[in-house]
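This report goes through selected residues, ring pairs and a helix contact. Please keep the sequence and the model open while reading.

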Amino acid sequence: MERWVEETLHDGFRVRLKADKVLFDSQTDHQQLIIFENEDFGRVMMLDGVVQVSTKDEFVYHEMMAHVPLFAHGKVKTVLVVGGGDGGVLREVLRHPEVERVTLCEIDCSVIDLCREHFPEISGGAFDDARTEVVIADGTKFMAETDDRFDAILVDSTDPIGPGAVLFTKAFYTDCKRALAPGGVLVTQNGLPFLQAGELRDSVGCFRELFNDAYAYMATTPSYFGDAMAYGWASDNLSLRQCAVGEIEWRYASAGAFPTRYWNPQVHVAAFALPNYVQDLVEA
Ligand code: SAM
């Protein structure tokens, strides 16, 4: 009997993926988690009915969430990843030799455990790196209480449903601002502008009240169905987003020009060139 798994994120738009083999399908302490094989996207994990990661295209999202802020900043030593339980963003952050410490705050330890088991190639040993510190906690609680300061905060969260909803609030962003080191940068997973316009407009609206620079950049991950994805951008250092391609190239070379499959200095700069309908959302 064929099994199809339906994505239920949007009210009027559904996508189904054929599950050739189901590897895990159960409720964790926080969310419904399914992992299955699909002939087009490889191995796929969904949380509460939403695609989170697939082995065929995870490189796009993870490279763009890590390398754009880190190369724009140029001197990142401490990073906080909120969410990110699959380890993909963590893997990419650790490729930067100047990074000294990465804290990953994930609410659901089952996600980490199951991704280490079923997607070892995504974390690629990152959870065992000496620079990695894993904290199992709600990101809002961690952010409100931490005395640490981070050069980059990367919110690799689910969508604003279930446990992820609190990560899209002004209170959380205010605490992110407090936890950023001077000149630091906040990047957020901020959905598909074509289908989740209000989410991006609201997040960047909060950033505009808290930071000197509030914007977004975009990249298309095929398994995030319906549009290119927006990454919210917030910093008090206006120059980060303006960093010229030559400088990004120099920083990339200095970091060892490690191989990437999506991010490159030209894509980095171009990602901030937003279509008008997205500019309208971030400049509202
Ligand atoms: N790349 C994916 C995307 O763009 O939707 C996100 C992947 S990652 C698996 C999302 C992670 O956020 C999940 O592991 C989930 O458990 C975690 N998460 C959700 N709400 C959280 C919260 N309040 N605090 C910390 N982690 C949270």
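Does Ala144 count as buried, partly exposed or exposed, and at what relative accessibility? The model is a predicted one, and in it Ala144 counts as partly exposed, at 42% relative accessibility. The limits for that class are 20% and 50%, so a value of 42% falls between them. Ala144 belongs to helix 5, which covers residues 139-145. Apart from neighbours within four places in sequence, Ala144 is in contact with Asp175 and Arg178. Glu121 is 23 residues from Ala144 along the chain, and the C-alpha atoms of these two residues are separated by 32 Å.

**Other partly exposed residues**

The table lists four further residues with their locations and relative accessibilities.

| Residue | Location | Relative accessible area |
|---|---|---|
| Val134 | strand 9 (residues 132-136) | 36%, partly exposed |
| Asp48 | loop between strand 5 (42-47) and strand 6 (50-54) | 27%, partly exposed |
| Ala257 | loop between helix 8 and helix 9 | 39%, partly exposed |
| Tyr277 | helix 10 | 35%, partly exposed |

Val134 touches Leu104, Ile112 and Phe127, when residues up to four places away in sequence are not counted. With Leu104, which is 30 residues away along the chain, Val134 has a C-alpha separation of 4.8 Å.

Tyr277 is in contact with Pro193, Phe194, Met218 and Asp227, again leaving aside neighbours within four places in sequence. The C-alpha atom of Tyr277 is separated by 9.3 Å from that of Ala197, a residue 80 positions apart from Tyr277 along the chain.

Asp48 and Ala257 are listed for their backbone as well. Most residues other than glycine have a negative phi. Asp48 has a positive phi, near 45°, and the phi of Ala257 is also positive and near 45°.

**A loop residue and its contacts**

Glu100 is placed in the loop between helix 2 (88-93) and strand 8 (101-106). With residues up to four places away in sequence not counted, Glu100 touches Lys77 and Arg131. Arg131 is 31 residues from Glu100 along the chain, and their C-alpha atoms are separated by 6.0 Å.

**Aromatic pairs**

How many aromatic pairs does the structure hold? There are 16 of them. A pair of aromatic rings is described by the distance of the centres and the angle of the planes.

In the pair of Phe71 and Phe258, the ring centres are 6.1 Å apart and the planes are at 25°, so this pair is stacked. Phe71 is in helix 1 (residues 58-73), and Phe258 is in the loop between helix 8 (245-254) and helix 9 (265-270); the pair thereby links distant parts of the chain, 187 residues apart. Phe71 and Phe258 are both buried.

Tyr217 and Phe272 form a tilted pair, because their planes are at 55° with the ring centres 5.2 Å apart. Tyr217 lies in strand 12 (residues 213-219) and Phe272 in the loop between helix 9 and helix 10 (276-282), so the pair ties together parts 55 residues apart in sequence. Tyr217 and Phe272 are both buried. They also belong to a cluster, linked by ring pairs, of Tyr61, Tyr217, Tyr224, Tyr231, Trp233 and Phe272.

**Arginines over rings**

Which ring does Arg241 lie over? Arg241 lies over the face of Tyr215, at 3.9 Å from the ring centre. The charged end of Arg261 sits over the ring of Phe59, 3.9 Å from the centre of that ring.

**Helix 1 against helix 8**

Helix 1 and helix 8 pack with their axes 9 Å apart and at an angle of about 100°. This angle makes helix 1 roughly perpendicular to helix 8. On the helix 1 side, the contact consists of Phe71, Ala72 and His73, which meet Ile248, Arg251 and Tyr252 in helix 8. By class, the contact has four nonpolar residues, one polar and one charged. Phe71 thus appears in two settings: in the contact with helix 8 and in the stacked pair with Phe258.

Terms used:
Residues numbered from 1 in each chain as written. Predicted model: local features only at pLDDT ≥ 70, side-chain atom pairs only at ≥ 80, totals over all residues. Heavy atoms only, no water. Phe/Tyr/Trp six-rings, centres within 6.5 Å; stacked < 30°, edge-to-face > 60°. Helix = DSSP H or I, 4+ residues; strand = E, 2+ residues; numbered from the N terminus. Buried < 20%, exposed > 50% of the residue type's maximum accessible area, 1.4 Å probe, protein only. Lys NZ or Arg CZ within 6 Å of the ring centre and 35° of its normal. Axes fitted to C-alpha atoms, helices over the stretch in contact; angles between N-to-C directions. Parallel < 35°, antiparallel > 145°, perpendicular 65-115°, else oblique. Contact = heavy atoms within 4.5 Å. Nonpolar A, V, L, I, M, F, W, Y, C, P; charged D, E, K, R; others polar.
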